[in-house]
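Here are a few exercises to work through with the model open in your viewer. Try each one yourself before reading the solution.

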Amino acid sequence: MFLFFLQVLLIVSNIFVTAHADSFSEGMDAAQKGDYQAAQQNWLAAAKQGNIEAQYNLGALLLSGKLGQPDYDSAMSWLDIAAQKGHDEAAYALGMLYYTGNEPDVKRDQKKAFELFKKSAERGSAVAQFNVGAMLMNGQGVKKDLKAAADWFEKAGEQGHSQAQFNLGLLYLSGSGVKQDTKQAYSWFKRSAESGYPNAQYRVAKMLFDGDGVALDHVQAKSWFLKAQENNSVEAAFMLGFMSYLGLGGSQDNLMARHWFDVAAKGWDRNAQFYLGLMNQRGDGDQKNLLEAYKWFDLAASSGHEDAHYYRSAVAAALSAEQRQQASQLAQQWFDENHDTPHKHYNKIPHQH
């Protein structure tokens, strides 16, 4: 999945730059003290004199809500003036306004957004380079071009943009816009993972687990799965349970497997739900509990796990009608208690809604 990490820098920041007009510096001092009315007056005077930083800061202030309701017309006018003079943050902020839109004040215009991001990207802004790459990849405001997207992701990635590094890894993994190269994919995933990007941490772990693009190493894979799980990766929690269950990357541990499967199951990982059913059916690490087994197989089946249907039927054959009803109630109770937890939906039916 290609996600945009798009942030609008609209709050006045600590921009201490050389200013040609005293009013700009006075505006900065006022903003630092929380006197935004005085900041506006000073920046307006400096902006009219052509001070590019004042023009940007004035536009950002008018959007920030520090003066009351945002004044989009005036803000965008000043941001545009600064952007035309080559101010990267102004071009980026203006691009974000067009990208997201805010009807009726700002009409969404992805073509304009792309043009503005590209101006900022060409002057070296890593976040703008990522945005340009993402829009090229998705065909937003511009014709889809995966090769050009890869080029921009590489530019941003070389500057340390972790999501650009991750996206470039995905392109190398699939051979989209670039020649397929699992070693390159691993390299870019690793750089992103080392910056703390959870999706990349999971990818690095999975490639180490499978020996894909890198030597198979279950010990290292487990360490990366742990890092990804610390960042709330449900898939990583399942893999930690799976590795504990089979004794991969360490000793076999059914209790630890149950723990990780439970964590993943609460994130609505259907494979984790299935394995909890299997462990309860077999009595792995505990006594057999067919009611719990039925419950977990029922939940996994409701999420589209095909094998769970058959296993649920096998367990049902060993239960009385009263026990089956009780097990179904346990499944429904768990469903009701956990359905508000953020979770993924599969393109399978049925799903209990």
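**Exercise 1.** Work out whether helix H15 is enclosed or open, and say what it packs against.

*Solution.* This is a predicted model, so treat the contacts accordingly.

Step 1: count the burial. Eleven of the 13 residues of H15 are buried, so the helix is largely enclosed by the rest of the structure.

Step 2: put names to them. The buried set includes Arg 270, Phe 274, Tyr 275, Leu 276 and Met 279, and Gln 273, Asn 280 and Gln 281 are in there too.

Step 3: find the neighbours. The buried residues pack against helices H13 (234-246), H14 (254-266), H16 (290-302), H17 (306-316) and H18 (321-338).

**Exercise 2.** Check the span of H15, then look at what happens at each end.

*Solution.* Step 1: H15 covers residues 270-282 and reaches 18 Å from first C-alpha to last. That is close to the 18 Å expected at 1.5 Å a residue.

Step 2: go to the N-terminal end. Asp 269 caps it, with a side-chain oxygen 3.0 Å from the backbone nitrogen of Asn 271.

Step 3: go past the other end. Just after H15, Gly 283 has a positive phi of about 80°.

**Exercise 3.** A search of the whole structure gives nine salt bridges. Take the pairs Lys 147 with Asp 151 and Asp 210 with Lys 206, and explain how each sits in its helix.

*Solution.* Step 1: get the distances. For Lys 147 and Asp 151 the closest N and O atoms are 3.9 Å apart, which falls within the 4 Å cut-off. For Asp 210 and Lys 206 the N to O distance is 2.7 Å.

Step 2: check the spacing. Lys 147 and Asp 151 are four residues apart in helix H8 (residues 146-158), so about one helical turn separates them. Asp 210 and Lys 206 are likewise four residues apart, in helix H11 (residues 198-210), again about one helical turn.

Step 3: add accessibility. Lys 147 counts as exposed at 54%, while Asp 151 is partly exposed at 34%. Asp 210 is partly exposed at 40%, and so is Lys 206 at 25%.

**Exercise 4.** Which residue does Glu 158 pair with in a salt bridge, and which helices hold the two partners?

*Solution.* Step 1: the partner is Arg 191, with the closest N and O atoms 3.3 Å apart.

Step 2: this pair links distant parts of the chain, with Glu 158 in helix H8 and Arg 191 in helix H10 (residues 182-194), 33 residues apart.

Step 3: Glu 158 is partly exposed at 48% relative accessibility, and Arg 191 is partly exposed at 30%.

Conventions
Residues numbered from 1 in each chain as written. Predicted model: local features only at pLDDT ≥ 70, side-chain atom pairs only at ≥ 80, totals over all residues. Heavy atoms only, no water. Salt bridge = Lys/Arg side-chain N within 4 Å of Asp/Glu carboxyl O. Helix = DSSP H or I, 4+ residues; strand = E, 2+ residues; numbered from the N terminus. Buried < 20%, exposed > 50% of the residue type's maximum accessible area, 1.4 Å probe, protein only. Expected span 1.5 Å × (residues − 1). Contact = heavy atoms within 4.5 Å. Polar contact = N/O pair within 3.5 Å; in protein donor to acceptor, adjacent residues only side chain to side chain.
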